[in-house]
Amino acid sequence: MATLLTRLSSKAMDNLLLKGKKIVLGVTGGIAAYKAVEVVSRLRKAGAEVHVMMTREATEFVTELTFREISGNPVAQDMWAKVQQYNVEHIALANLADLMLIVPATANVIAKAAVGIADDLMTTTILATKAPLFFAPAMNTGMYENPATQVNLSVLKERGFRIIEPATGHLACGVEGKGRLPEPAAIVQEVFDFFAEAKALQGKRILVTAGGTEEALDPVRFLGNRSTGRMGYAIAEIAAKRGAEVVLVSGPTSLAVPAGVRAVKIRSAREMEQAVLAEYDRVDAVIKTAAVADYRPKETAPQKIKKSDGELTLTLVRNPDILYKLGQHKKHQVLVGFAAETNDLETYARKKLEKKNLDFIVANDVSAHDAGFGTDTNRVQIFYRDGREESQPLMSKARLAGLILDRLKEQWDEMSEGIELFPKS
Ligand code: CTP
């Protein structure tokens, strides 16, 4: 399959990605509105069904007729107008979109979207849609660099909207600086990349473990650790967004289960072991971010332990090493481990890679204040079976999750390259 696909040119692949996709393109009132015409044309040529909506100000720059002709669909522009095509326009457009693009996005529409103002068709549609939403800001450099605009853009980014970075160059207002709308081809490429990414892991089943385990001492006390589960939840979320079927075996955490992810909640290491083994045969990869307790109390008191004078001695016994077991029974699965270390990171990580029969291991120094347990960021080194290693700079756990999934996909691609599709008899 990989060989067949590589024979298709990347352009042909892009066109397959957009075939039949419904794209709602919002045009707001900026001088760059004319470039949106070419964006519509390119999307349509690539097989997408494009529906344009315009603000009243946008119609001062380009006529509605132009967009109607280029898109082949009626243009939505007035909340109160009776357009037969769309029933309750803002809801209809919001619901039909597989993706929404605002090109160009003025400082005004960005500000309204950031605070949830809905006072015209464009902003109500933006507020109502659940489709992935891209903004392509274009404005004067001063307006773009103004802290108000920058804060609004970060709010949108944090909420998961995509911002297509403006280019630097000569602006219509006569100055040089950042704020130019990127070329239509570059904007459309972002759309291709989005749909390619959304399919990248389609057909794959991934098991992710997350959080720490709790080992009960009595009905009210347990031995635990500081893992919050953030890394594993980020991986599960992004894997699902990329089209994988994801099962998340999770220790107790305060995090919400990401959309499209099936969660199995456990408490102890032995419960985690059972849940993981029950899924193992049917998954293509296991990513084990969980901080599993290596020991548990030998006995769990059936009633609350009462204090008495003197010391209390606990006897701990070994818990199963779940990942080691998976490594022993590995068939087609790719196994990814995590190593949390405070010293001799490389030595310990490589030992775990070898002993647990992993494909790669993501190691981090948990003594650093900005990496590891309870932080939003992580700085890791990745060690591979074939001896390779890579050091990554400090990055958000969400970005690291994406990177780990990229590496997992590379492993699968390498594996499928090794399988000859048409053996020469
Ligand atoms: N792991 C596991 N079961 C255990 C312990 C660890 O599956 N009982 C997995 C973790 O989820 C992680 C990897 O093994 O992916 C390494 O975990 P870590 O706690 O760093 O290492 P340990 O093997 O427990 O070794 P040590 O505690 O000696 O560092």
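**Exercise 1. Determine whether F135 is buried or exposed, and characterise its ring pairing with F161.**

*Solution.* Step 1. F135 has a relative accessible area of 0% and is therefore buried; buried means under 20% relative accessible area, exposed over 50%, and partly exposed in between, with a 1.4 Å probe and protein chains only. The model is a predicted one, in which local features need pLDDT of at least 70 and side-chain atom pairs count only at pLDDT 80 or more, whereas totals for chains, interfaces and linings use all residues. Residues are numbered from 1 along each chain as its sequence is written, and side-chain values use heavy atoms, with hydrogens and water left out.

Step 2. F161 counts as partly exposed, at 24% relative accessibility.

Step 3. Searching the whole structure yields four aromatic pairs. Rings of Phe, Tyr and Trp (its six-membered ring) pair if their centres lie within 6.5 Å; planes under 30 degrees apart count as stacked, over 60 as edge-to-face and the rest as tilted. For F135 and F161 the ring centres are 6.1 Å apart and the planes stand at 85°, so this pair is edge-to-face.

Step 4. The pair links distant parts of the chain, 26 residues apart: F135 belongs to strand β4 (residues 133-137), and F161 to the loop between α10 (147-158) and β5 (162-163). Here helices (H or I, at least four residues) and strands (E, at least two) are DSSP runs, numbered from the N terminus.

**Exercise 2. State which residues form one aromatic cluster with F194 and F195, and classify the pair F194 and F195.**

*Solution.* Step 1. The rings of F194 and F195 have centres 5.3 Å apart and planes at 75°, so they are edge-to-face.

Step 2. F194 is buried at a relative accessible area of 13%, and F195 is buried at 6%.

Step 3. F134 joins F194 and F195 in one aromatic cluster.

**Exercise 3. Identify which rings K204 and R318 lie over.**

*Solution.* Step 1. The criterion requires NZ of Lys or CZ of Arg within 6 Å of the ring centre and within 35 degrees of the ring normal.

Step 2. K204 lies over the face of W412, 4.6 Å from the ring centre. R318 lies over the face of Y295, at 5.8 Å from the ring centre.

**Exercise 4. Describe the largest pocket: its volume, and the residues that line it.**

*Solution.* Step 1. On a 1 Å grid over the protein atoms alone, a pocket is an open set of points where a 1.4 Å probe fits, with protein on both sides within 12 Å along at least five of seven lines; lining residues have an atom within 4 Å of a point. Grid points are joined across faces, edges and corners, and a volume is the space filled by probe spheres set on the points. The largest pocket has a volume of about 1300 Å³.

Step 2. Its lining has 36 residues, of which G160, E237, I238, K241 and A398 are the closest to the centre. Helix α12 gives the most to this lining, with seven residues.

Step 3. The lining comprises 19 nonpolar residues, four polar and 13 charged (Ala, Val, Leu, Ile, Met, Phe, Trp, Tyr, Cys and Pro count as nonpolar, Asp, Glu, Lys and Arg as charged, and the others, Gly among them, as polar).

Step 4. Domain 1 (14-197) and domain 2 (205-293 + 316-415) each supply at least three lining residues; these bounds come from an automatic or database domain assignment. The domain centres, taken over C-alpha atoms, are separated by 38 Å.
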